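Student: Please take one part of this model and go through it closely. I would like the salt bridges, with the surroundings they sit in.

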Amino acid sequence: MSSIRKFKKQVRYACGDLAAETLVASYYINGFAREDAHRIICDVAALQTDTISKCKFYFDKTRRDFGNEAEYRKARRAYFKAAFGKLRENFRASMENIVKEMNKALPTEAKEANKAQ
């Protein structure tokens, strides 16, 4: 179960970094929409809570449902791989949407300065 622990840590770090970047941008970039920053940080916190709460998966079959132990392990491994894959994909898509919202909150001058670098 170390992969669940690692995934939860990654979610916490990614969400914390994104919230920190939003907070820093709202204070140090002139023209950054602060009301949008508050909403974005709330969205990040909700995403973190929601994703971590969805990390519990249970395989609904038992060893007796399969012919032997190898088939059971193979099916169980495939189930968990698919479940975590879907959870990671949903998390990534949500993070992309939040980053797009952050980019919308940036003033035009800051966007042009970022492109020039």
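**Surface and salt bridges**

Tutor: The accessible surface of the protein chain is about 8,500 Å², and 52% of it comes from carbon and sulfur atoms. This is a predicted model.

First, the setting. The protein chain has 4 helices and 0 strands. Read from the N terminus, the order of elements is α-α-α-α. The C-alpha atoms fill a box of roughly 65 × 25 × 20 Å along the principal axes. The radius of gyration is 20 Å, whereas a compact globule of 117 residues would have a value near 13 Å. Of the 117 residues, 29% are buried. Contacts in the chain with a separation of 6 or more can be split by distance in sequence. Residues 24 or more positions apart supply 67% of them.

Next, the charges. The protein chain carries 24 positive and 15 negative charges. Their mean positions lie 10 Å apart. Side chains of opposite charge can pair when their charged atoms come close. Over the whole structure, a search gives 9 salt bridges.

Now the part to look at closely. Which residues are linked in a network of salt bridges? They are D36, R39, D43, E101 and K104. Three of the pairs can be followed one by one.

Start at D36. Its partner is R39, and the closest N and O atoms of this salt bridge are 3.5 Å apart. Both residues belong to helix α2, which covers residues 34-53. They are 3 residues apart, about one turn of the helix. D36 is partly exposed, because its relative accessibility of 23% is not under the 20% cut-off for buried and not over the 50% cut-off for exposed. R39 is also partly exposed, at 33%.

Move on to E101. Its side chain meets that of R39 in a salt bridge, at 3.5 Å from N to O. What does this pair tie together? E101 lies in helix α3, residues 69-105, and R39 lies in helix α2, so the salt bridge joins parts that are 62 residues apart in sequence. E101 has a relative accessibility of 27%, so this residue counts as partly exposed.

R39 thus has a bridge to D36 and a bridge to E101. E101, in turn, has a further partner. The side chains of E101 and K104 form a salt bridge, with 3.6 Å between N and O. This pair stays within helix α3. Here too the residues are 3 apart, about one turn of the helix. Is K104 buried or exposed? K104 is exposed, because its relative accessible area of 61% is over the 50% cut-off.

Put the pieces in order. D36 pairs with R39 inside helix α2. R39 pairs with E101 across helices α2 and α3. E101 pairs with K104 inside helix α3. D43 belongs to the network as well.

One buried residue rounds off the view. S26 lies in helix α1, residues 2-28. Its relative accessible area is 5%, so S26 counts as buried. Leaving aside residues up to four places away in sequence, S26 touches F32, R34 and A37.

How values were computed
Residues numbered from 1 in each chain as written. Predicted model: local features only at pLDDT ≥ 70, side-chain atom pairs only at ≥ 80, totals over all residues. Heavy atoms only, no water. Helix = DSSP H or I, 4+ residues; strand = E, 2+ residues; numbered from the N terminus. Rg over C-alpha atoms; globule rule 2.2 N^0.38 Å. Buried < 20%, exposed > 50% of the residue type's maximum accessible area, 1.4 Å probe, protein only. Contact = heavy atoms within 4.5 Å. Areas by Shrake-Rupley, 256 points an atom, 1.4 Å probe, with all protein chains shown as cover. Lys, Arg positive; Asp, Glu negative; His and termini not counted. Charge placed at Lys NZ, Arg CZ, Asp CG, Glu CD. Salt bridge = Lys/Arg side-chain N within 4 Å of Asp/Glu carboxyl O.
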